[in-house]
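Hi everyone, thanks for coming. I'd like to walk you through one structure today, starting with a strand and ending at a chain contact.

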Protein chains: 2
Amino acid sequence: MKPNVNYGLYLITDRACLQGKNLIETIEEAIAGGVTLVQLREKDASSLAFYEIAVQVKALTSKYGIPLVINDRLDIALAVDADGLHVGQSDLPASVARKVLGNHKLLGVSTANLEEALKAKAEGADYIGVGALFPTNTKTDTRWVTLEQLQSIKESVNIPVVGIGGIQESNALAVKETGIDGIAVASAILAAPSAKEAARRLWKSFMNA
Amino acid sequence: MKPNVNYGLYLITDRACLQGKNLIETIEEAIAGGVTLVQLREKDASSLAFYEIAVQVKALTSKYGIPLVINDRLDIALAVDADGLHVGQSDLPASVARKVLGNHKLLGVSTANLEEALKAKAEGADYIGVGALFPTNTKTDTRWVTLEQLQSIKESVNIPVVGIGGIQESNALAVKETGIDGIAVASAILAAPSAKEAARRLWKSFMNA
Ligand code: NI
């Protein structure tokens, strides 16, 4: 059985946003503020370090009953028995990931256009991330997706869609109006003075709009 | 069933040694020269690039009936149905890797002393790599193992032992006299003018000594 997922407020971790704050504590605050799903993303860690962090985050998300998805690394997802895996266009092909993961784990795929979205769904994705929607400081070589394109993708794939890229309190309502299922954020929560407060406000902006 | 492995001449790939040569062609030459086992090691590739290379190398090793082991990345090993995984001390713990791999895949562990060797065996390693034995240009922060220590480790663990680090034609006989099961090499084959000829000479030095 796959977990029953609320995609509403999807936290993607990014150590670069933490400015010295503790990752585990910050995730816990974010969950207290309303985060409904956590994706653990570690781009520079050794496999051992990634595994050890993932063990800690898994204990935390399990405690709060929140699904945990691992970015890119299927081996880490299996090693900690995470709820799923999220792959980008430079990671394992979704079809290959699905085959190794089996049918009881969530599989998410980052996409930037309708073609990629439909392909992801055909290859076994449970949900897709779509973006980048708005400029951020954290990414270069960004592929942009307009809100009109986002809405069109949502209307064309019948799996949950999460918007990503520069989403914050001020634009969350505009994103919601496209009809998608959730917003994925990193810096808007992790770099905020209070992760809990930032998550709470984002949750209100998107979920209560 | 695990493959029946000849550890005699164990090739570890390293793109930095290739000086522009094609990886797949060079591995094929090395196999023609007598390599008995291949470990695919990619430290800077994206998951997608690693996967795509691994698919090619798996097709090659299958063609010649040579086992293929993937360095570090259990997900890539599973994705291409490689014969096994090799982990270092900064990779997934051997016990965790064994649990995810199951009992039908090879698991190798890099070790540099008796304590690590015995721990690797207890955690499910099928074989261990032991080194570094001799200086090389390719590694910094090296932990050294003498031939006396190597022999002592071999006498204390009853699983196959492969020596690693700076092994070449000139010292292969001294390594063989420790009683270990095989020699692991990268540059001695990959950086040679002819990988086939270099492999053939190493094979003779170690296997025919
Ligand atoms: Ni069997």
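Before the strand, one term: two strands count as paired if DSSP finds at least two bridges between them. Please keep in mind that this is a predicted model.

Let's begin in chain B with strand β1, residues 9-12. Which strands does β1(B) pair with in the parallel sense? One is β8(B), residues 182-185, joined to β1(B) over three bridges. The other is β2(B), residues 37-40, and there too the pairing is parallel over three bridges. L11(B) is a nice residue to click on: its bridge partner in β8(B) is V185(B), and in β2(B) it is V38(B).

Now the side chains. In a regular strand they alternate between the two faces of the sheet. Here, L9(B) and L11(B) lie on one side of β1(B), with Y10(B) and I12(B) on the other, and all four are buried, so both faces are covered.

Next, the place where the chains touch. Chain A brings 18 residues to the contact, and chain B brings 18 residues as well. About 1,400 Å² is buried between them, with 70% of that from carbon and sulfur atoms. On the chain A side, L48(A), D75(A) and L92(A) supply 31% of what chain A buries against chain B, more than any other three residues.

What about charges? There are two salt bridges between the chains. One worth showing joins R73(B) to D75(A), at 3.8 Å from N to O. Six residue pairs are also in polar contact across this interface. Happy to chat about any of it!

Technical notes
Residues are numbered from 1 along each chain as its sequence is written. Chains are lettered from A and ligands numbered from 1 in the order in which they are written. This is a predicted model: local features need pLDDT of at least 70, side-chain atom pairs count only at pLDDT 80 or more; totals for chains, interfaces and linings use all residues. Side-chain values use heavy atoms; hydrogens and water are left out. Contact means heavy atoms within 4.5 Å. Buried area is the accessible area (1.4 Å probe) that two parts lose on being put together, summed over both. A salt bridge is a side-chain nitrogen of Lys or Arg within 4 Å of a carboxyl oxygen of Asp or Glu. A polar contact is a pair of N or O atoms within 3.5 Å; within protein, one must be able to donate a hydrogen and the other to accept it, and residues adjacent in sequence count only if both atoms are side-chain atoms. Buried means under 20% relative accessible area, exposed over 50%, partly exposed in between (1.4 Å probe, protein chains only). Helices (H or I, at least four residues) and strands (E, at least two) are DSSP runs, numbered from the N terminus.
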